[in-house]
Protein chains: 2
Amino acid sequence: MEPTFGWVTSENMALLTDMYELTMADSYLRHGMNQRATFDLFVRHLPRNRAFFLNVGLEQALHYLLNMRFSEDAIAYLRSQKVFSEEFLTYLRDFRFHGTVWAMPEGTVFFPNEPVLRVTAPRIEAQIVETFLLNTINASVMYASKATRVVIAAQGRGVADFSPRRDHGTDAAMKVARASYIAGCVATSNVLAGHAYGIPITGTMAHSYIMSFPTELDAFRAFASDYPNNAVLLIDTYDTLKGARHAAIVAREMQQRGHKLRGVRLDSGDLVRLSREVRRILDEEGFPDVLIFLSGDLNEYRIRDLLAAGAVADAFGVGTQMGTSADAPYINGVYKIVEDESGLKVKLSTGKATLPGRKQVYRFYNGQGVMERDLIALEEEPPPKGAEPLLLEVIRDGELVYDLPDIKTIRAQAAEQIRCLPERLRAIEVSPEATYPVGVSPRLAALRDEIVARAREVEEQT
Amino acid sequence: MEPTFGWVTSENMALLTDMYELTMADSYLRHGMNQRATFDLFVRHLPRNRAFFLNVGLEQALHYLLNMRFSEDAIAYLRSQKVFSEEFLTYLRDFRFHGTVWAMPEGTVFFPNEPVLRVTAPRIEAQIVETFLLNTINASVMYASKATRVVIAAQGRGVADFSPRRDHGTDAAMKVARASYIAGCVATSNVLAGHAYGIPITGTMAHSYIMSFPTELDAFRAFASDYPNNAVLLIDTYDTLKGARHAAIVAREMQQRGHKLRGVRLDSGDLVRLSREVRRILDEEGFPDVLIFLSGDLNEYRIRDLLAAGAVADAFGVGTQMGTSADAPYINGVYKIVEDESGLKVKLSTGKATLPGRKQVYRFYNGQGVMERDLIALEEEPPPKGAEPLLLEVIRDGELVYDLPDIKTIRAQAAEQIRCLPERLRAIEVSPEATYPVGVSPRLAALRDEIVARAREVEEQT
């Protein structure tokens, strides 16, 4: 059964590509068109309800670029399609990526039309990697950008990722955990992600646990005896307020044994009213330190409304809506050619025009350290004074030239960037005024206009 | 870098679980609560814009249940959390699934509240597998249910999955390809999915290919010479109608060499008007057999509208919106305990009531073979006459007892089921009247009411 199970791993990831990348590549090889070309990866638009993107996914993208190979098995499969030339299949046998890549570090805030990753490589190499790079970065950026909003809405309270059961498959569950932790979540329920990425893991009991004991109090007592220092009791299986009183009974019994109940969790009902009542009950019973965790169909809007209405919460568990970016379940990241050996390139289609050439993105801050504007310029232009360049060289001629930061460093970088966002971009309700100025240098703009005009002229003549 | 890259494989999949499954399991072990229990996997509601579900994901679920193991590495990680008992870690070392599973075959249409998979196993085994089963089946069912709608909208024309760049990570790209093929798509652009699952793969060229040649005509000629029998030319990079004339020139040149242009693809613009014009141009030039492929932000609504407005299309390439199930990016599949050694179980919460006990789902057809109604009954009840039982035994005491059908058989089964859907459920616009009757047997209903009453009584007394 294994062969049809469909795991994607480092061994077979090179085949996770759109068929047309390979048919184009074969054609380029036959026509001697393997000179260097440059492609930009950028997002065209902000989706509804988003005012910025948070960059995540670079580490996985680099792993792919450095390690992708076509196995004999992969080549045999391609041969069986009776589409590809033997010359191309031979070429793939020794394929590896020799290009140069510039990218924004993970944890960087960015905006539409800004290249977040730029590949310069022999055309075939640059082309074949398109699908995987987009798959990795589109998903990770989407998750991180959504999670950032949830973290902002929680106003300093902890947010834990509870999404694995609703994420789009196993890799999504891993990417959501990593991206949401970088975005400021404090933990994930996903044990494998905890192991793979060093993210704190969290979770205690489900309703089925409570239902497996004769009474709720029996269940609480059993769990408290098993986890004397970190039990969080789920109190809404039957009646939330009665559950809170049962939790207080158990908290007292724990206290008498020198233990401490960590918290209670509410997963349903009118969370504003119930959380306040539960807090009152716990306080009256002498347990002001027992934490209140809220969960159940939460997202940034719901959390904002709960807190505005006076809900009492120390932390939130957020699942489905964060893990699927439910209100904006895709971002339209694209990968476009901007230069080749014949010169600069632009795509002409109305509304889809691209910026030609190898570019850098600069960020300007105001005196208070708040992000003021970005500027996209040609790489060869002198860097503007006082601006921070966002693209770093990460791979040079196929070799990693970038010290991959650990996940805590990336998370700190993201927190710093989010702190520097203009207040209007941090609003949960995204208003049409919540825009951020991204300029194009005069030289780049002139060049683009010139190339568009020239390309149209050439096209007219054919 | 590999350790933090986060591939999920057969070796580490056991850890892809919510932390609370493991804390509950440890508690069950300590309290001697490892008697057999039964859990149902079912979906609570139809999402907006869906009138039915198509079951996909069972093969992966079975692979998981049969092969999940906790490696020494996994156990060492769990120990490092300082949460679990040594007894439990020792138990995990020899863990394997010994339960019995009944499930609907892949390619079966199903409805809310119907158990699509049922696990009876020692409580700890049944509990630990929850997260992975939900992750796998929620995602696959969501994709298959969405793709079925796209296939219905295309009215017999081919639909190809073009989604890998926007799917939620690598596993999602594999699941979308497999689920959409089962749902009736004819091909995928995902080469690895083609290899892993034996799905036809498709794809030819991108705009960047056209832009890599001095002129569009140069690009068409190059590609035609490379792929003399299966070239599909992308004609909308500059001017679609001019592109169609260039394609006709190349088609004639191919004809003179004894070759044949397969088709043209339009990816932007007013597809109704342009596709009709392109068809006219190709017909006038003597190429009525050259196919027209449409793509570009398509979904079932768009395809329905295009065809209703007279667009000419032989096939569609559908990406982002199908691959992310964009209008309903999650389904709320749940996994609930329905029986344990103390008897039948129901969840009490209003609106979340469950049906107790081990159950079977029966389907009734009318004289024309159209699905008429389903009935959920206790397994022990005599099967109603003339009804088809939908749940089959697939694993017995930890051993596979089900002949896994190949993907073509599953796809044929799905096609047959979709053919038997009542017409009202096939409408792209889902109306409130488009419901399907799912009944509960009188005995099961009485049992549920009795257990609810008894459970409330017990709860009152505590």
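**Strand pairing, a buried helix and the two-fold arrangement of chains A and B**

In this predicted model, R363(A) stands opposite D374(A), a residue of strand 15 of chain A. The pair belongs to an antiparallel arrangement in which strand 14 of chain A, residues 359–365, is joined by 7 bridges to strand 15 of chain A, residues 371–378. The two strands form a hairpin with 5 residues between them, and in its turn G369(A) has a positive phi of about 80 degrees. Strand 15 of chain A also pairs with strand 19 of chain A, residues 438–440, this time in the parallel sense and over 3 bridges. D374(A), which faces R363(A) in the hairpin, stands opposite V438(A) in strand 19 of chain A.

In chain B, 7 bridges join strand 14, residues 359–365, to strand 15, residues 371–378, and these strands run antiparallel. Here Q360(B) stands opposite A377(B) in strand 15 of chain B, while G369(B), in a hairpin with 5 residues between the strands, takes a positive phi near 80 degrees. Strand 15 of chain B pairs in the parallel sense with strand 19 of chain B, residues 438–440, over 3 bridges, and L375(B) stands opposite G439(B) within strand 19 of chain B.

A further sheet in chain B is open and has 7 strands in the order 13-12-1-5-3-17-18, with antiparallel pairing. Strand 13 (343–344) and strand 18 (399–400) of chain B stand at the edges with a single partner strand each, so that one side of each is left without a neighbour in the sheet. At one of these edges, strand 13 of chain B is joined by 2 bridges to strand 12 of chain B, residues 333–340, and the two run antiparallel; D340(B) stands opposite G343(B) in strand 13 of chain B. Helix 2 of chain B, residues 58–67, packs on the sheet and touches strand 3 (100–103), strand 5 (117–122), strand 17 (392–396) and strand 18 of chain B, its direction making about 25 degrees with that of strand 17 of chain B. Helix 6 of chain B, residues 130–153, also packs on the sheet, where it touches strand 1 (36–43), strand 5 and strand 12 of chain B, and its direction makes about 135 degrees with that of strand 12 of chain B.

Among the helices of chain A, helix 7 (residues 170–182) has 13 residues, which at 1.5 Å a residue should span 18 Å; its end C-alpha atoms are 19 Å apart, in agreement with that expectation. Of these 13 residues, 13 are buried, so helix 7 of chain A is largely enclosed by the rest of the structure. The helix is followed by G184(A), whose phi is positive, near 120 degrees.

The two chains can be superposed: a turn of 180 degrees, with a shift of 0.0 Å along the axis, lays chain A on chain B with an RMSD of 0.0 Å. This is the relation of a two-fold axis. In chain A, the C-alpha nearest the axis is that of D171(A), at 2.6 Å from it. The same surface serves both copies, as 100% of the contact residues of chain A recur in chain B.

Between the chains, 93 residues of chain A are in contact with 93 residues of chain B. Helix 1 of chain A, residues 19–30, provides the largest share of the side of chain A that touches chain B, with 8 residues. By class, that side of chain A has 41 nonpolar, 34 polar and 18 charged residues.

Definitions and conventions. Residues are numbered from 1 along each chain as its sequence is written. Chains are lettered from A and ligands numbered from 1 in the order in which they are written. This is a predicted model: local features need pLDDT of at least 70, side-chain atom pairs count only at pLDDT 80 or more; totals for chains, interfaces and linings use all residues. Two strands pair if DSSP finds at least two bridges between them. Helices (H or I, at least four residues) and strands (E, at least two) are DSSP runs, numbered from the N terminus. The expected span of a helix is 1.5 Å times one less than its number of residues. A residue is buried if 20 or more other C-beta atoms lie within 10 Å of its own, exposed if 12 or fewer, and partly exposed in between; C-beta atoms are placed from the backbone. Copies are superposed by least squares on the C-alpha atoms of residues with pLDDT of at least 70 in both. Two residues are in contact if their C-beta atoms, placed from the backbone, lie within 7 Å. Ala, Val, Leu, Ile, Met, Phe, Trp, Tyr, Cys and Pro count as nonpolar, Asp, Glu, Lys and Arg as charged, and the others, Gly among them, as polar. Axes are lines fitted to C-alpha atoms, for helices over the stretch in contact, and angles run from 0 to 180 degrees between N-to-C directions.
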